[in-house]
Amino acid sequence: MSSEKSEGGIPTVDIGAILSPTATEADRRQVVEAVRYASTTFGFFNLVGHGIPRAQLRQIFESSKLFFALPEEKRRDVHVGQALGRSFRGWEPPLIQQHQEGVLPDTKEPKTDITFFETFIIGREVPADDPEAGTFLTGPNLWPDLPTEDFQEVILAYQARMVELARVVVRILVQGLPEAWGCPPDVLDGLTVDPAIPMRMLHYGPVKEKDPRQFGVAAHTDFSAITILLQQPGTEGLQVWYPPTDEWIPVPVSEDGFVINIGDLMQQYTAGYYRSARHRVITFSEEDKHRYSVAFFLDGNLQFKTKALDGSGTEIVVGEYVYSCLNRTLGARGPSL
Ligand SMILES: O=C(O)CCC(=O)C(=O)O
Ligand SMILES: [Fe+2]
């Protein structure tokens, strides 16, 4: 069984053998090797063979479209400003974020009622009466005025799947680390216990009067340990920076696959072995070119801490690290919480 397909671009890795109880050790090792290659070379790969039904992948986009089609006052009901304390939940209208000099803010004044790059953020559901509720990235979600079965249930079911998948991917990544480091397979499992998991449902609208300096999302790296991104089939726009050839490589949409990318935190924990690659999203000016995506960030358990797994450096605490990344980002809110 081949677990990797590259065709000169971002590799596709089929993780079926990791999930199958009957797979051979050699098959599993092949998956680990394919993920290791992709994560050290590109910091990105397409993941298939995850076992999540296609219907569930389609459903999340239906829910997303329902939300973004709500009239503005309904979206405003769940504006991030309503989120408890510093829990960062809800609707973010198009933002002003400037990541690079010479690049226009992600959002310029829309000339019509067509906007681009708005997001609805969901996190781990922590009840308002929990003592931690309202602290950084922790608290109850804000739910819009939509039928529970069409929105909340779909999203929470998807989120639960993402946590399971993130656990599997983290385990695979650990197995791919240099043997000389002697890491036990569960060394990063603590990341996925009650983790901070901001999930951004994103909607990019067409851009009026396209300016070449303007992006849907300008070049950035994610702060997370790993990101699991679902792109809408039939769309394009995501690109990753590949230093060896100094070029932006498109990240194609795979029908049933997720894009996995390594975030800054994983890069830190693996002493740079796995690459947190810069990426960006290009938008288009055609009226009918909307794009939806869902980005799930495994930031990790906010109290989890470890030194880099090669034994170097000092202990990094997840919560402190993600918070410092946020502070560094202009506007205090990066593309990935
Ligand atoms: O929408 C996408 O495809 C990517 C979004 C992204 O990179 C982010 O939210 O960090
Ligand atoms: Fe990103």
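**Figure 1. Protein donors of the iron ion (ligand 2) in the predicted model.** The iron ion is held by His220 (NE2), Asp222 (OD) and His279 (NE2), which lie 2.1 to 2.2 Å from the metal. Along the chain, these donors follow the spacing H-x1-D-x56-H. Aspartate 222 belongs to the loop between strand 7 (217-220) and strand 8 (226-231), whereas histidine 279 belongs to strand 12 (residues 279-281), so the pair ties together parts that are 57 residues apart in sequence. Both aspartate 222 and histidine 279 are buried.

**Figure 2. Surroundings of histidine 50 in the loop between strand 3 (44-48) and helix 3 (54-68).** Histidine 50 has a relative accessible area of 9% and is therefore buried, the cut-off being under 20%. Its side chain reaches two backbone atoms: the nitrogen of isoleucine 52 at 2.9 Å and the oxygen of aspartate 256 at 2.5 Å. Leaving aside neighbours within four places in sequence, histidine 50 is in contact with Ile15, Leu19, Leu57 and Leu165, and also with Asp256, Gly257 and Phe258. Aspartate 256 thus appears both among these contacts and as the residue whose backbone oxygen is reached by the histidine side chain.

**Figure 3. The largest pocket and its lining.** The volume of the largest pocket is about 350 Å³. Its lining comprises 19 residues, of which Glu132, Thr135, Thr138, Leu302 and Gln303 are the closest to the pocket centre. By residue class, the lining divides into seven nonpolar, five polar and seven charged residues.

Technical notes:
Residues are numbered from 1 along each chain as its sequence is written. Chains are lettered from A and ligands numbered from 1 in the order in which they are written. This is a predicted model: local features need pLDDT of at least 70, side-chain atom pairs count only at pLDDT 80 or more; totals for chains, interfaces and linings use all residues. Side-chain values use heavy atoms; hydrogens and water are left out. Donors are N, O and S atoms within 2.8 Å of the metal (3.2 Å for Na, K and Ca); water is not among the atoms, so sites may look incomplete. Helices (H or I, at least four residues) and strands (E, at least two) are DSSP runs, numbered from the N terminus. Buried means under 20% relative accessible area, exposed over 50%, partly exposed in between (1.4 Å probe, protein chains only). On a 1 Å grid over the protein atoms alone, a cavity is a set of points where a 1.4 Å probe fits but cannot get out, and a pocket is an open set with protein on both sides within 12 Å along at least five of seven lines; lining residues have an atom within 4 Å of a point. Grid points are joined across faces, edges and corners, and a volume is the space filled by probe spheres set on the points. Ala, Val, Leu, Ile, Met, Phe, Trp, Tyr, Cys and Pro count as nonpolar, Asp, Glu, Lys and Arg as charged, and the others, Gly among them, as polar. A polar contact is a pair of N or O atoms within 3.5 Å; within protein, one must be able to donate a hydrogen and the other to accept it, and residues adjacent in sequence count only if both atoms are side-chain atoms. Contact means heavy atoms within 4.5 Å.
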